Amino acid sequence: MFGAVAGKAVGLVVSGLAGAVAYDGVKKVARSGAVREAAVSMTTWGLKGARAAETGAEKARLATADIVAEARGRIGEEAPAPGNGHGHGHGHEH
């Protein structure tokens, strides 16, 4: 019976020691600014990715507009002037 209690006690001491060491490690990393640096780097990559996606979407939109304008021209319709305000989904002026 004493051996079982002693075994559990040793296990608790070891896990407590491991937790304390891990906690100290986290404190050191937080103080060093490495966490902030990593967060800034990840945000930078995210912003670059978002900008690349926006650029790709704009190129696709322009290519689609060119195709629609050419198709309208082939059937004799005039393409609306860019930015004329019509067709934005609601009936009032801005």
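This text leads from the overall fold of a predicted model to the salt bridges found in it.

The protein contains two helices and zero strands. Of its 94 residues, 0% count as buried. The accessible surface amounts to about 8200 Å², and carbon and sulfur atoms account for 66% of that area.

Helix α2 covers residues 34-74 and is 41 residues in length. From its first C-alpha to its last it reaches 60 Å, which is close to the 60 Å expected at 1.5 Å a residue. After α2 comes G76, a residue with a positive phi, near 90 degrees.

The charged side chains may be considered next. Side chains of opposite charge can pair when their charged atoms come close. A search of the whole structure identifies three salt bridges.

One of these joins R61 to E58, with 2.8 Å between the closest N and O atoms. Both residues belong to α2, where they lie three residues apart and are therefore separated by about one helical turn. An α-helix has 3.6 residues a turn, so residues three or four places apart point the same way. As to solvent exposure, R61 is partly exposed, with a relative accessible area of 46%, and E58 is likewise classed as partly exposed, at 38%.

A further salt bridge brings together the side chains of E70 and R74, at 2.9 Å from N to O. Here the spacing is four residues within helix α2, so that E70 and R74 are again about one helical turn apart. The two partners fall into separate accessibility classes: E70 has a relative accessible area of 48% and is partly exposed, whereas R74, at 68%, is exposed. The distinction rests on the cut-off of over 50% relative accessible area for an exposed residue.

The remaining salt bridge links E77 with R72, and its closest N and O atoms are 3.7 Å apart. This distance satisfies the criterion because a salt bridge requires a side-chain nitrogen of Lys or Arg within 4 Å of a carboxyl oxygen of Asp or Glu. R72 lies within the range of α2, residues 34-74. The relative accessibility of R72 is 30%, and this residue counts as partly exposed; E77 is also partly exposed, at 43%.

Taken together, the model presents two helices without strands, three salt bridges, and a chain in which 0% of the residues count as buried.

Technical notes: Residues are numbered from 1 along each chain as its sequence is written. This is a predicted model: local features need pLDDT of at least 70, side-chain atom pairs count only at pLDDT 80 or more; totals for chains, interfaces and linings use all residues. Side-chain values use heavy atoms; hydrogens and water are left out. Buried means under 20% relative accessible area, exposed over 50%, partly exposed in between (1.4 Å probe, protein chains only). Accessible areas come from the Shrake-Rupley method with a 1.4 Å probe; for residues, only the protein chains shown count as cover. The expected span of a helix is 1.5 Å times one less than its number of residues.
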